[in-house]
Amino acid sequence: MLKPVARQVPTDDPAGFRVALREWFGRNGKDYPWRRTSDPYAVLVSEVMLQQTQIATVLGRGFYTRFLERFPDVATLAPAEDDILLKTWEGLGYYRRARMLRESARAVLERHGGSFPADLDALLALPGIGRYTAGAVMSFAFDRPAPIVDGNVARVLARLFDRADPIDTTPMQKWLWETAATLLDREHPRVFNSALMELGQTHCRPGVPDCLSCPVATCCSTREPAALPVKAKKQAIEEIDEHAAFIRREGAVLLSRQGRGGRREGMWRLPVREKGEIAALPVLHRRKYGITRYRVTLYVHDCPEGHPASGTSEGEEWIALDRWADLVIPPADRAALIAVLGETEEIA
DNA sequence: TAGACGTGGGT
DNA sequence: TACCCAAGTCT
């Protein structure tokens, strides 16, 4: 694909850049629910859900709407119990986000009388709110000038300025934030930041971008947009096996609640055993799933009551068959449970 | 500061 | 199928 290569960069004519972006966004900006509100709480919920999570997931699977229906404001979120909170977040991943959102709601009640502060440092001091999210709430909710740099903005800026330095390094991060601050339209921060991100999501998308109709192609210096941004090499994926026991008793199945400080804290899983304990038992189900840097193969073994591995240990409980589906369970375990229970029903 | 933290959509 | 990685933050 041939792409025009500009001789100037956006900082050569910041005013022109802002106008081009604003006009493009005025015609093409998408209509997301969080763009229809200036309620900082609702904006924060959307931003936290969207951390490392695609819009299609948050919107398409109803997480955003469901969460706001159940927790419409800080006063309803602050006292939420873990179970109900996690149930609303189930399937979204990065469950710590949900707890930190609740901690932020509590902090807003305690420190700010229930109203979000329109102040970058005060927002930054709230749990789970980093530089990006603080800037997003400032600009999207309050329409106050604060730069933001997320994956979209980093890609757009790296291409506009033809910067091949890895974006996940300290110096490049510094440059990205400084450049975002320099370019920011201080008269229209909400529209500017929305537009910059949306440009990265539409025309300036990852992989092969659509440069021919890009509204700011006249100040984009890269010759090979598809090669940008550069990222530091990521760590290798590690293959691991998990051996879980399907232990069933009259009307109940043994499940294990994940403990404090660990992965997926408070959620329920099939009880995992040492491979040696149950490897010899028949495999009822096999499933692959990814978590962080691991590629996990989950084996579910049929473990009869009375087998040495069927004894319950810390955090494990018998859950009635008509109740397990209401628990908060990771998707892989839920799918495995459905498959295994379905099979054994047929056998029975 | 590098690694942990989840899941699913896109290719 | 396999791989990439997304509106990041915390420790």
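This is a conversation between a student and a tutor about a predicted model.

Student: How is chain A divided, and what makes the parts touch?

Tutor: Chain A is divided into domain 1 (10-227) and domain 2 (238-347), bounds that come from an automatic or database domain assignment. The centres of domain 1 and domain 2, taken over C-alpha atoms, are separated by 37 Å, and the contact takes seven residues from domain 1 and five residues from domain 2. These residues count as being in contact because C-beta atoms of a pair, placed from the backbone, lie within 7 Å.

Student: Why are α10 and α12 called roughly perpendicular?

Tutor: Helix α10 (residues 151-160) and helix α12 (residues 189-201) pack at an angle of about 80°, with their axes 8 Å apart. Angles of 65 to 115 degrees count as roughly perpendicular, and α10 and α12 are therefore described in that way. Where they meet, N152, V153, R155 and V156 in α10 face L196, M197, L199, G200 and Q201 in α12.

Student: Which residues does V153 touch, leaving out those up to four places away in sequence?

Tutor: V153 touches I148, A180, L196, M197 and G200, and L196, M197 and G200 also belong to the α12 residues that meet α10.

Student: What makes the largest nonpolar core a core, and which residues have the most contacts inside it?

Tutor: A set of residues earns that name because its members are buried and of nonpolar kinds such as Val, joined through C-beta atoms within 7 Å. The largest such core has 86 residues, and those with the most contacts inside it are V45, V137 and V153. Its largest share, seven residues, comes from helix α2 (residues 40-49), and the core draws at least three residues from each of domain 1 (10-227) and domain 2 (238-347).

Student: How do you know that β3 pairs with β2, with β8 and with β4?

Tutor: Two strands pair if DSSP finds at least two bridges between them, so each count can be set against that number. Two bridges join strand β2 (residues 248-249) to strand β3 (residues 252-257), five join β3 to strand β8 (residues 316-320), and two join β3 to strand β4 (residues 268-269). The pairs β2 with β3, β3 with β8 and β3 with β4 therefore satisfy the requirement of at least two bridges, and each pair runs antiparallel.

Student: Which residues stand opposite each other in these pairs?

Tutor: R248 has V253 in β3 as its bridge partner, S256 stands opposite E316 in β8, and R257 stands opposite W268 in β4. In the hairpin of β2 and β3, which has two residues between the strands, G251 takes a positive phi near 70°.

Key. Residues are numbered from 1 along each chain as its sequence is written. Chains are lettered from A and ligands numbered from 1 in the order in which they are written. This is a predicted model: local features need pLDDT of at least 70, side-chain atom pairs count only at pLDDT 80 or more; totals for chains, interfaces and linings use all residues. A residue is buried if 20 or more other C-beta atoms lie within 10 Å of its own, exposed if 12 or fewer, and partly exposed in between; C-beta atoms are placed from the backbone. Helices (H or I, at least four residues) and strands (E, at least two) are DSSP runs, numbered from the N terminus. Two residues are in contact if their C-beta atoms, placed from the backbone, lie within 7 Å. Axes are lines fitted to C-alpha atoms, for helices over the stretch in contact, and angles run from 0 to 180 degrees between N-to-C directions. Angles under 35 degrees count as roughly parallel, over 145 as roughly antiparallel, 65 to 115 as roughly perpendicular and the rest as oblique.
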